[in-house]
Amino acid sequence: MSIPAPVAFACLTALAAASWWLAQRDAESPQAPVTVTQPGYYLKNAALEQTDASGRRTLRVHAATATEVEQYGDVRLTQVSIDYVAEQGRNWRITAAAGTLPPDGRRVQLEGDVRLIAPAVGRALLRTEHLDLDADQQLATTPDPVRIEFASHVLNARGLRADLKRETVRLESSVNGTFRR
């Protein structure tokens, strides 16, 4: 059986047009590449401790929940409490509504009603909305507004650098305060 040339040409043209139309449609709506990730973990009442070379505990982190959405990704913490034990046994205490622990575990980024209780000057209370704790360097920093309350005194500033090991606090700028007897 032989197909007449005009019919064969029409079929080939229709097939070529359909193929071109499908290729154009796929090019106009590219699909996002599918990436498969491994799930992380979810912990309740999580605790993490860090010790020095002699085995003495230097840092204890507690969180109501710790969530690692993607394996080896950031860990999201809620209701965070951190105790830093200085060599002389005088503790700093840090609390926050939430925090993020990057995969390297060297820093904790805290946010939401962050409170830092310093062991010096009558256990001064420092308040801010964000605080970055570098466990290796033993530094707590923020560029945000800070309020310091100790005894009946109040200091307000922008930016803070607290050296936990040396028990010093440096306010960065816009410092003003009220001192009462």
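**Figure 1. The hairpin of β6 and β7 in a predicted model**. Four residues lie between the two strands of this hairpin, and Gln 138 takes a positive phi near 60 degrees. Strands here, like helices, are DSSP runs numbered from the N terminus, with at least two residues (E) for a strand and at least four (H or I) for a helix. β6 (125-134) and β7 (139-150) run antiparallel and are joined by six bridges, two strands being counted as paired if DSSP finds at least two bridges between them. Within this pairing, Arg 127 stands opposite Arg 147 in β7. The model is a predicted one, in which local features need pLDDT of at least 70 and side-chain atom pairs count only at pLDDT 80 or more, whereas totals for chains, interfaces and linings use all residues. Residues are numbered from 1 along each chain as its sequence is written, and side-chain values use heavy atoms, with hydrogens and water left out.

**Figure 2. The hairpin of β7 and β8**. β7 is also joined to strand β8 (residues 153-163), by ten bridges, and these two strands run antiparallel. Two residues lie between them, and Ala 151 in the turn has a positive phi of about 50 degrees. Ile 148 stands opposite Leu 155 in β8.

**Figure 3. The salt bridge of Asp 136 and Arg 106**. The closest N and O atoms of this pair are 3.2 Å apart, a salt bridge being a side-chain nitrogen of Lys or Arg within 4 Å of a carboxyl oxygen of Asp or Glu. The pair links distant parts of the chain, since Asp 136 lies in the loop between β6 and β7 and Arg 106 in the loop between β4 (91-101) and β5, 30 residues apart. Asp 136 is partly exposed at a relative accessible area of 46%, and Arg 106 is partly exposed at 47%; on this scale buried means under 20%, exposed over 50% and partly exposed in between, with a 1.4 Å probe and protein chains only.

**Figure 4. The salt bridge of Glu 111 and Arg 76**. The side chains of these two residues meet with an N to O distance of 2.9 Å. Glu 111 lies in strand β5 (residues 107-117) and Arg 76 in strand β3 (residues 75-85), so the salt bridge ties together parts that are 35 residues apart in sequence. Glu 111 counts as partly exposed at 31% relative accessibility, and Arg 76 also counts as partly exposed, at 34%. A search of the whole structure finds twelve salt bridges.

**Figure 5. The salt bridge of Asp 163 and Arg 166**. The two side chains meet at 2.8 Å, N to O. Asp 163 is buried, with a relative accessible area of 10%, whereas Arg 166 is exposed, with a value of 63%. Elsewhere, Glu 49, Arg 57 and Arg 60 are joined into one network by salt bridges that share partners.

**Figure 6. The surroundings of Ala 64 in strand β2 (residues 57-70)**. Ala 64 is partly exposed, with a relative accessible area of 24%. Leaving aside residues up to four places away in sequence, Ala 64 touches Leu 43, Lys 44, Asn 45, Ala 46, Thr 78 and Gln 79, contact meaning heavy atoms within 4.5 Å. The C-alpha atoms of Ala 64 and Leu 77, which are 13 residues apart along the chain, are separated by 7.4 Å.
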